[in-house]
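Dear colleague,

Please find below the structure I promised to hand over, followed by an account of what was found in it.

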Amino acid sequence: MAIADSCWSRACFCFGSNNDSSGGASELEMRHMSTVKKSDITGLWSFQTKGSHSGDIYFYPDGNAGLSLATGRTIYNWKYDVDAGILRAVIPELGDLGSLEAKLYMTMTGDSTGAGKFCRCDLEMSRSAIFLEASGYIESTWNFYPVTDMQAPDPVVSVTFELEGFGSLKFANGVSQESFAYELNGHNCNASTAFGKLSMQFSPDGQLASCQLGPTRYQAHPVSW
């Protein structure tokens, strides 16, 4: 699938070592490429092009994605998938030009830098270092936004975790719970609260989470954003 001419339509990203001047991946990286899964790329990616375009791409663990441009425009709740090392997505708000396709090159050491093309511009993108498990980043306050209203100016719920295995939460209307116990399993967190079961699946860079509290689904970001 060719790269489209118009900006913000299609992209081809090459994830891997920036030291390969040929623009391709090493034999080791190429072998690893076909094993890259959707869960391997979840997280917050920052990008910059030589055409002065910049912003962030959010790959949420539940398969939804978001695009935030430095111009202030944001587009949430478009889908992405990864098959045999190829990322594909459709951004409906961009109409017929809203297809995105990306070749993924990820090293065995978890290198999370990228280089390629976006709108005929040279592209560089990067993701923060990844963690082996959620204990490396969960100690924070996480702001929850409903999946159906990601543009909301303020979070609906804020959940604070302590490393001792306890957390607290507070809704925007002031209703709160001062303490509940939680359990971690890899990049997942589960708890029973006064408002129902809480489940969170984090991206390995500790920047995004897809959540459910009671019957409601959310996307969450750490308050450090």
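Y182 is buried, with a relative accessible area of 9%. Please bear in mind throughout that the model is predicted.

**Aromatic contacts**

Y182 forms an edge-to-face aromatic pair with F161, in which the ring centres are 5.0 Å apart and the planes stand at 80 degrees to each other. Because F161 lies in strand β11 and Y182 in strand β13, this pair ties together parts that are 21 residues apart in sequence. F161 itself counts as buried, at 1% relative accessibility.

The search of the whole structure finds 10 aromatic pairs. One of them joins F161 to F180, again edge-to-face, with 6.4 Å from centre to centre and 90 degrees between the planes. This contact also links distant parts of the chain, since F161 belongs to strand β11 (residues 157-161) and F180 to strand β13 (residues 176-185), 19 residues apart. F180 is buried as well, and its relative accessible area is 4%. F161 therefore has a pair with F180 and another with Y182, and each of these three residues falls under the 20% limit for buried.

Elsewhere, F131, Y137, W142 and F202 form one aromatic cluster.

**Charged side chains**

Side chains of opposite charge can pair when their charged atoms come close. In this model, a search of the whole structure finds 2 salt bridges.

One of them is formed by D81 and K38, whose closest N and O atoms are 3.8 Å apart. D81 lies in strand β5 (residues 74-83) and K38 in helix α2 (residues 38-41), so this salt bridge ties together parts that are 43 residues apart in sequence. D81 counts as partly exposed, at 44% relative accessibility, and K38 is likewise partly exposed, with a relative accessible area of 25%. K38 has a further contact to note: it lies over the face of Y80, at 5.2 Å from the ring centre.

The other salt bridge is where the side chains of D62 and R217 meet, at 3.1 Å from N to O. D62 lies in the loop between β3 (54-59) and β4 (64-69), whereas R217 lies in strand β17 (residues 216-222), so the pair ties together parts that are 155 residues apart in sequence. Both partners are partly exposed: D62 at 27% relative accessibility, and R217 with a relative accessible area of 42%.

**Strands and backbone**

Strand β2 (residues 43-49) is mostly covered, with 5 of its 7 residues buried. Strands β2 and β3 pair in the antiparallel sense, over 6 bridges. Within this pairing, G43 has F59 in β3 as its bridge partner.

One backbone feature deserves a separate mention. Which residue has a positive phi although it is not a glycine? The residue is N77, where phi is about 60 degrees. N77 is placed in strand β5, the strand that also holds D81 of the salt bridge with K38. With a relative accessible area of 35%, N77 is partly exposed.

**Where to look in the viewer**

When you open the model, F161 with its partners F180 and Y182 may serve as a starting point. From there, you may wish to turn to K38, which has a salt bridge with D81 and lies over the face of Y80, and then to the salt bridge between D62 and R217.

With kind regards

Definitions and conventions:
Residues are numbered from 1 along each chain as its sequence is written. This is a predicted model: local features need pLDDT of at least 70, side-chain atom pairs count only at pLDDT 80 or more; totals for chains, interfaces and linings use all residues. Side-chain values use heavy atoms; hydrogens and water are left out. Rings of Phe, Tyr and Trp (its six-membered ring) pair if their centres lie within 6.5 Å; planes under 30 degrees apart count as stacked, over 60 as edge-to-face and the rest as tilted. Helices (H or I, at least four residues) and strands (E, at least two) are DSSP runs, numbered from the N terminus. Buried means under 20% relative accessible area, exposed over 50%, partly exposed in between (1.4 Å probe, protein chains only). A charge sits over a ring if NZ of Lys or CZ of Arg is within 6 Å of the ring centre and within 35 degrees of the ring normal. A salt bridge is a side-chain nitrogen of Lys or Arg within 4 Å of a carboxyl oxygen of Asp or Glu. Two strands pair if DSSP finds at least two bridges between them.
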